[in-house]
Amino acid sequence: MNPISKPLLKWFDQFGRKTLPWQSKPANPYHVWLSEIMLQQTQVATVIGYFNNFIQHFPTIEALADASEDAVLAQWAGLGYYARARNLHTTAHLIMRQYQGNFPTEFKQVLDLPGVGESTAGAILSISFHQNHAILDGNVKRVLARYHQVQGHYGQSATLKQLWHLAKYHTPNQRNAEYTQAIMDLGATLCTRSKPNCTRCPIQSQCLAQQTNTQDQYPNPKPKKNKPTRTTAMLIYQNTAGEIYLEKRPKKGIWGGLWSLVECENKEKTILQTLKEFDPNAHIKANLAVIKHSFTHYHLLIYPILIHCPDNKQTFHPLEQLTLGLPAPVKTLINRLK
DNA sequence: AAAGCGGGGGC
DNA sequence: GCCCCAGCTTT
């Protein structure tokens, strides 16, 4: 079995991505770390805008540590997976306290940072400090699954274990940082999920899927799962000035740490009880159009209920210039009120 | 409209 | 070791 690093690095010299916003010489570990966290579940094209915006607001780890959680979440809002933003913020504090503001350089230390696993730790240390580590992100999984016709889906531990073995086998100790970038670039630009561009691929001749024309069968599809539909009522408490009431959600669970509307079971009795407890003078003004919001593992039917609260003394927020981090459907709902 | 992306935390 | 998280892009 031939390691793929040699032809891959040669290809990278000519076709690799070298001007992404977080790429610099020398590398900036803060930028590399931030980009790797953003890229965990989001594609490069989407990340670029958020990344530039984020470092403009928080130019250094120290600036990030000094910011409020709400300020960080507000910049993250729309990217999803809000635990990533909270972990980032927590880690900034940790780096200030334990490492005097310098990004740690030991693999174990980096792996211990909240939000960083084996692949992300490897990527950060490889790209930032030119240490020799293997990575296994979605791009690498796809490339290796095709190249070796790996059976099974990486949700299964045996498949994942096999892919890690292959990833480590192919990872070179020379030009490791460039290889890390190269194999991600190959997956992102040529060895794409559908319609891979095999004719331009530097490792096509040894690729088992290419040889047998079975690229579309790898990686093997994920076993299907039925998504349940859940229902919730979202209560839009609005005062006479048109401002709305928002509450910060608990750290754990869906939309953790974001600001959202009060929710309750979508039953008239429960809704009336909830709003009376909030404000005895409140009354239902309208039932707004239902929003269907889909997550990976369930659909959520949102019944928005507009409620008028005259003379309420609690904190209400004006609809314009809301800088709080809001869940996407809440943002949609608020925009409809304008 | 549905499928796929994707890595880490928690139980 | 399995389940959960959750917006966006692609098909």
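Start with the two halves of the domain assignment: the centres of domain 1 and domain 2, taken over C-alpha atoms, are separated by 37 Å. The model on your screen is a predicted one. To colour the domains, select residues 5-217 of chain A for domain 1 and residues 229-337 for domain 2.

**Stop 1: where the domains touch**

Show the two domains together. In the contact between them, 10 residues of domain 1 meet 10 residues of domain 2. Now keep only the side that belongs to domain 1. Which elements give two or more residues to the side of domain 1 that touches domain 2? Select α5 (69-76) and α6 (82-99) to see them. Of the elements on this side, α5 gives the most, with five residues. Colour this side of domain 1 by class, and you should find six nonpolar, three charged and one polar residues.

**Stop 2: a pair of helices**

Hide the rest and select residues 29-39, which form helix α2, and residues 44-57, which form helix α3. Two packed helices are described by the angle between their axes and by the distance between those axes. For α2 and α3 the angle is about 135°, and the axes lie 10 Å apart. Why are α2 and α3 called oblique to each other? Angles over 145 degrees would count as roughly antiparallel and 65 to 115 as roughly perpendicular, and the angle here is about 135°, so the pair is oblique. The crossing of α2 and α3 is right-handed.

Next, display the side chains at this contact. From α2, pick His31, Leu34, Ser35, Met38 and Leu39. From α3, pick Val44, Val47, Tyr50, Phe51, Phe54 and Ile55. By class, the contact of α2 with α3 has nine nonpolar residues, two polar and no charged.

**Stop 3: DNA strand B**

Bring the DNA back and select strand B. There are 19 residues around DNA strand B, and Gln40, Gly117, Thr120, Asp137 and Gly138 come nearest. Helices α8 (118-129) and α9 (138-147) each supply at least two residues of the surface near this strand. The largest share, four residues, comes from α9. Coloured by class, the surface near DNA strand B shows nine polar, six charged and four nonpolar residues.

**Stop 4: DNA strand C**

Finally, select strand C. Which residues come nearest to DNA strand C? Of the 20 around it, they are Gly78, Gly80, Ser194, Ile254 and Thr296. The surface near DNA strand C has 12 polar, seven nonpolar and one charged residues.

How values were computed. Residues numbered from 1 in each chain as written. Chains lettered and ligands numbered in written order. Predicted model: local features only at pLDDT ≥ 70, side-chain atom pairs only at ≥ 80, totals over all residues. Near = placed C-beta within 6 Å. Nonpolar A, V, L, I, M, F, W, Y, C, P; charged D, E, K, R; others polar. Domains from an automatic or database assignment. Contact = placed C-beta atoms within 7 Å. Axes fitted to C-alpha atoms, helices over the stretch in contact; angles between N-to-C directions. Parallel < 35°, antiparallel > 145°, perpendicular 65-115°, else oblique. Left-handed = near helix turned anticlockwise from the far one by under 90°.
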